[in-house]
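Reader: I would like to practise reading a helix and the space around it. Could you take me through one?

Author: Gladly; let us have the model in view and begin.

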Amino acid sequence: MSSLALRLHIPSVVSVRNTKLLGRSVSDCGRNWWGLPKSKSRRGNGLCCKAELSELAPAVSAGYGVLLLGGGLFAYSKSGSKGSLFGGLTGSVLMASAYFLTKSPETRVLGDTIGLGAAFLFSSVFGFRLASSRKPVPAGPLLLLSIAMLSFFVMAYMHDSLPVPVSVSDALPLP
């Protein structure tokens with residue numbers, strides 16, 4: 001009895017030589033789909049993003065703000081809920097401020113803090129709403145999204161607020 005292995009060859013649509021994504025280079029990392037080093041005779045099958053959390057924070061905060069605003073407007077148009085409209089507007093304003101603050105390296109930690117606080121606020125609101133109504137929609141998916149944003153902003157805050165490690169050779173120059 002012989003076993004057959006199925007190999008998928010999915011070529012990269014984007015050239016891996018001069019591709020830039022959010023200021024960082026994108027490459028195939030010298031590995032194939034299975035995590036093994038590539039052979040020298042083939043082109044890379046996948047891409048590897050080398051962007052840092054601090055570079056993704058503006059895009060994530062903008063996307064989350066748009067989703068909060070859209071959800072608030074949708075809930076207001078469907079049921080006339082002024083609380084949802086106020087929550088959506090408040091969330092989009094908080095995420096817009098986080099967006100603009102995370103774009104600058106000097107105010108990046110403050111932007112991460114605002115994003116973290118807003119994500120915590122909406123995680124709490126959607127958690128209480130899910131617990132009180134016992135209806136999984138719309139509070140359940142919004143709770144999961146808010147928890148995901150909370151975890152992202154916690155990691156971004158920790159990444160941006162921790163000091164940059166200095167190697168011993170850079171700290172004390174030899175005479």
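Author: This is a predicted model. Start with helix H1, residues 53-79: its 27 residues reach 37 Å from the first C-alpha to the last, close to the 39 Å expected at 1.5 Å a residue. Just after H1, Gly80 takes a positive phi of about 70 degrees.

Reader: Which residues of H1 are buried?

Author: First the general idea: an α-helix has 3.6 residues a turn, so residues three or four places apart point the same way. In this case, the buried residues are Ser54, Ala57, Pro58, Ser61, Tyr64, Gly65, Leu68, Gly72 and Ala75.

Reader: And what covers the buried residues of H1?

Author: The cover includes helix H2 (82-102), helix H3 (108-133) and helix H4 (139-161). For the wider setting, the protein has 5 helices and 3 strands, in the order β-β-β-α-α-α-α-α from the N terminus.

Reader: How do I look for empty space, and what volume does the largest pocket have?

Author: Rolling a probe the size of a water molecule over the atoms shows where empty space is left. Here the largest pocket has a volume of about 520 Å³. H1, H2, H3 and H4 are the elements that each give two or more residues to its lining.

Reader: Which element gives the most to that lining?

Author: H1 does, with 8 residues. The lining has 26 residues in total, and Ala75, Ser84, Phe126, Arg129 and Leu142 lie nearest the pocket centre. Ala75 is thus a residue to look at twice, as it is also among the buried residues of H1.

Reader: How many lining residues are nonpolar, polar and charged?

Author: They divide into 13 nonpolar, 10 polar and 3 charged.

Notes: Residues are numbered from 1 along each chain as its sequence is written. This is a predicted model: local features need pLDDT of at least 70, side-chain atom pairs count only at pLDDT 80 or more; totals for chains, interfaces and linings use all residues. Side-chain values use heavy atoms; hydrogens and water are left out. Helices (H or I, at least four residues) and strands (E, at least two) are DSSP runs, numbered from the N terminus. The expected span of a helix is 1.5 Å times one less than its number of residues. Buried means under 20% relative accessible area, exposed over 50%, partly exposed in between (1.4 Å probe, protein chains only). Contact means heavy atoms within 4.5 Å. On a 1 Å grid over the protein atoms alone, a cavity is a set of points where a 1.4 Å probe fits but cannot get out, and a pocket is an open set with protein on both sides within 12 Å along at least five of seven lines; lining residues have an atom within 4 Å of a point. Grid points are joined across faces, edges and corners, and a volume is the space filled by probe spheres set on the points. Ala, Val, Leu, Ile, Met, Phe, Trp, Tyr, Cys and Pro count as nonpolar, Asp, Glu, Lys and Arg as charged, and the others, Gly among them, as polar.
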